[in-house]
Amino acid sequence: MSGTVHLERDGDVAVLIIDNPPVNAGSSDVRKALLRRIAEVEADATLAGAVLIGAGKSFIAGSDLREFDLPLEPPQLPQVIEAIEGSSKPYVAALHGAALGGGYELALGCDARIAAPETVVGLPECTLGIIPGAGGTQKLPRLVGKAKAISLICTGGRVSSPEALRLGMVDAVAETDLREESVALARSLAGRKQWVVELPGPEDKPEDIEAATSKAVAAGRNRPHIQAAIRHVMAAGTVGAREGLAAERAEFQQLRVAPEAKALRHIFFAEREAARGNLPAGVKGRRFESFGIVGAGTMGADIATATLQRGFPTVLVDSNSEALARAKARITAAIEKGVTSGKLSVDAGDRAKCNLVLVSELQSLEDCDVLIEAVFEDLETKRGVFAKLDTIAKPGALLATNTSYLDIDRIAAATTRPKDVIGLHFFSPAHIMKLLEVVAGAESSREAVATGLAIAKALGKQPVQASNGFGFIGNRIYAAYRAACEFMLEDGALPHEVDEALKDFGFAMGPFAVADMSGLDIAWRMRQQQAATRDPAARYVAIPDRLCEMERLGRKTGAGYYDYDEKGRPQRSAVVEDVIVMASDAKGIERRSLDAREIQRRAIAAIVNEAGLVLEEEIAARASDIDVVVVNGYGFPRWLGGPLYWAAQQDLEELASDCAASAAAAGPSKRRADLDALLGSGFSDRTA
């Protein structure tokens, strides 16, 4: 707990400066200091009003989440807001940097709000499994209407100051000096109070509210906090202000200590820790201002889109002119979609398109700071590219491979500068998916890895540092999960039964629907490459191979594990189910019915066991890093905190038994992770 509030006078206006670096989190000390300063302002007859402003780079970027697992110390935020609203003097919130969560609710308690041009405001509480608890659900609808409030609150959307002005979330955007203009606004309000909670609010069309509600419920997977947020927004204006605020606070307090909110706080802190990587303090990355990308296929084009959207000059190389043309069309369409959706300004979109250079010769990459290889997933092909890049790239350039499975060290060995080589494993589509595995090879320098982490941040990605090993963190764990699901096909389940059970668990999609979407041929090629080195004792399921041989490659061919109608809707396939039954018969497996719970336990046990092995082998540095990867890259339900956080909440003896069975099902050479140690006291410490 830390932070204070300084009082400075500007004539007859008090300027209260919230000072709790680095982001002015709303800690208990800040709340206590605010109450003291509000009392001072009220008692000083020479003061006509007050301004709240943040020291440093932000107003208040949110509450101190470290407090949320404990009983909240008084004064709580509603008490501070009540003091502002009960004051005889007007208060102006001077917003800059970030005014989020409790910070924006504090601003809503003021009589007016003025923002610096680069400010973002919003109520992100629903992303943490709670609802705004200091008036957000009752006051925001009175500024923007209920439909927009439902959308903003349920998604946790952040709104830029120009858009906030348009919506009515702020009253003005500062033109020159935020503090000076805020003081002038407070002075102009002398003798008047303007309570947001008493505004009538815009009139919404019922169909707009219904549409916003349906969209929020679907996007939020109908979780309890989403339902609660909608319920309280809808109550705004239909119940008394005091009653509405009290009901909102009571629900906030219940949700704050519920298991889902604790799990979401875990993943929030895990993401912050993962972003720092696993490097000694003080290691700094290299400066980078331009990117070169080798390979104009789907992944290369999408990586280029990601760099261009962030303002980086980007050279895309491919010897195939048709591939370059397709890539340009794909990149242009993605940038224009970003502009249309409001994620990019028109000027930023134009700059992005101008920053793209398409070439056919690798030599054109000689001045680029970061070179990313995104060619066909074949070791010798990639080694050939790196051998050429070694002769072209300038000294100090970072050389990165986008491989999903291959050995970084063997790729780096094709160069004379392995210390400059790392893996940057983007997830598809690369310009949309946030996860980026930053893979350190045996000889990768700390500086190179630090540069990879900085690239992730610059591209708006969630980085997780991994060590070199087959599939790194994510694909290795997903391969074990997918294999366990394929075993269940042989044992008696059908694709739709597995997919439905895992969707019920909380995954966005089941594994066979995912395979159809990404294309069965991708994994098929990988299996063909590994055939010669595959452990003969390992259990191998040939069902997906048979489907590929039948040219059932997924959605793109209209048939995979499912048949697809003319509108792309999946249907059970009698052909596939016959293939599955014949596969069981060929191995002499007596098929039996598997219920949803068994399917879920077997699939999740495979994830947990493989995660334990990844930790034992130090491919991942922290259990929480694995949670970040599997949540952000593979659709594990975020509200469960990730597979290892989830595991720590289970009956450990039952889970260990499930993991042992999962390892045994994979074949005699498959190890069971040392779960007795992993799930003991040390495990709890590592996931906290």
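Which residue stands opposite leucine 100 in β7? The residue is glycine 122, and the pair offers a way into a predicted model in which local features need pLDDT of at least 70, side-chain atom pairs count only at pLDDT 80 or more, and totals for chains, interfaces and linings use all residues. Residues are numbered from 1 along each chain as its sequence is written, and side-chain values use heavy atoms, with hydrogens and water left out.

Leucine 100 and glycine 122 face each other across two parallel strands, β5 and β7 (residues 120-122), which are joined by 3 bridges. Strands here are DSSP runs of E of at least two residues, helices are runs of H or I of at least four, and both are numbered from the N terminus; two strands pair if DSSP finds at least two bridges between them. An open sheet of 3 strands results, with the order β5-β7-β8 and mixed pairing. Because β5 (98-100) and β8 (158-160) each have a single partner strand, they stand at the edges, and one side of each lacks a neighbour in the sheet. From one strand to the next, the twist averages 20°.

Another open sheet has 6 strands in the order β1-β2-β3-β4-β6-β9, again with mixed pairing. Its edge strands, β1 (4-10) and β9 (172-173), each pair on one side only. Within this sheet, β4 (residues 91-95) runs parallel to β6 (residues 112-115), and 4 bridges connect them. Alanine 93 has arginine 113 of β6 as its bridge partner.

Two helix pairs may be considered next. Helices α1 (residues 28-43) and α2 (residues 77-86) pack at about 15°, their axes 10 Å apart; axes are lines fitted to C-alpha atoms, for helices over the stretch in contact, and angles run from 0 to 180 degrees between N-to-C directions. The two helices are therefore roughly parallel, given that angles under 35 degrees count as roughly parallel, over 145 as roughly antiparallel, 65 to 115 as roughly perpendicular and the rest as oblique. The crossing of α1 and α2 is left-handed, meaning that the near helix is turned anticlockwise from the far one by less than a right angle, whereas clockwise gives a right-handed crossing. Helix α18 packs against α19 (residues 495-505) at about 135°, with 9 Å between their axes. This angle makes α18 oblique to α19, and the crossing is right-handed.

Helix α18 also borders empty space. The structure holds 1 cavity of 30 Å³ or more; on a 1 Å grid over the protein atoms alone, a cavity is a set of points where a 1.4 Å probe fits but cannot get out, a pocket is an open set with protein on both sides within 12 Å along at least five of seven lines, and lining residues have an atom within 4 Å of a point. The largest cavity encloses about 40 Å³, and its lining includes Gly474, Tyr478, Phe507 and Val630. Both α18 and α25 give two or more residues to that lining, with the largest share, 4 residues, coming from α18.

The second largest pocket has a volume of about 1700 Å³. Among its 50 lining residues, Met299, Ser404, Ser428, Ser518 and Ile522 are the closest to its centre. Elements giving two or more residues to this lining include α18 (474-491) and α25 (623-634), but α21 gives the most, with 7 residues.

Technical notes
Points joined across faces, edges and corners; volume = space filled by probe spheres on them.
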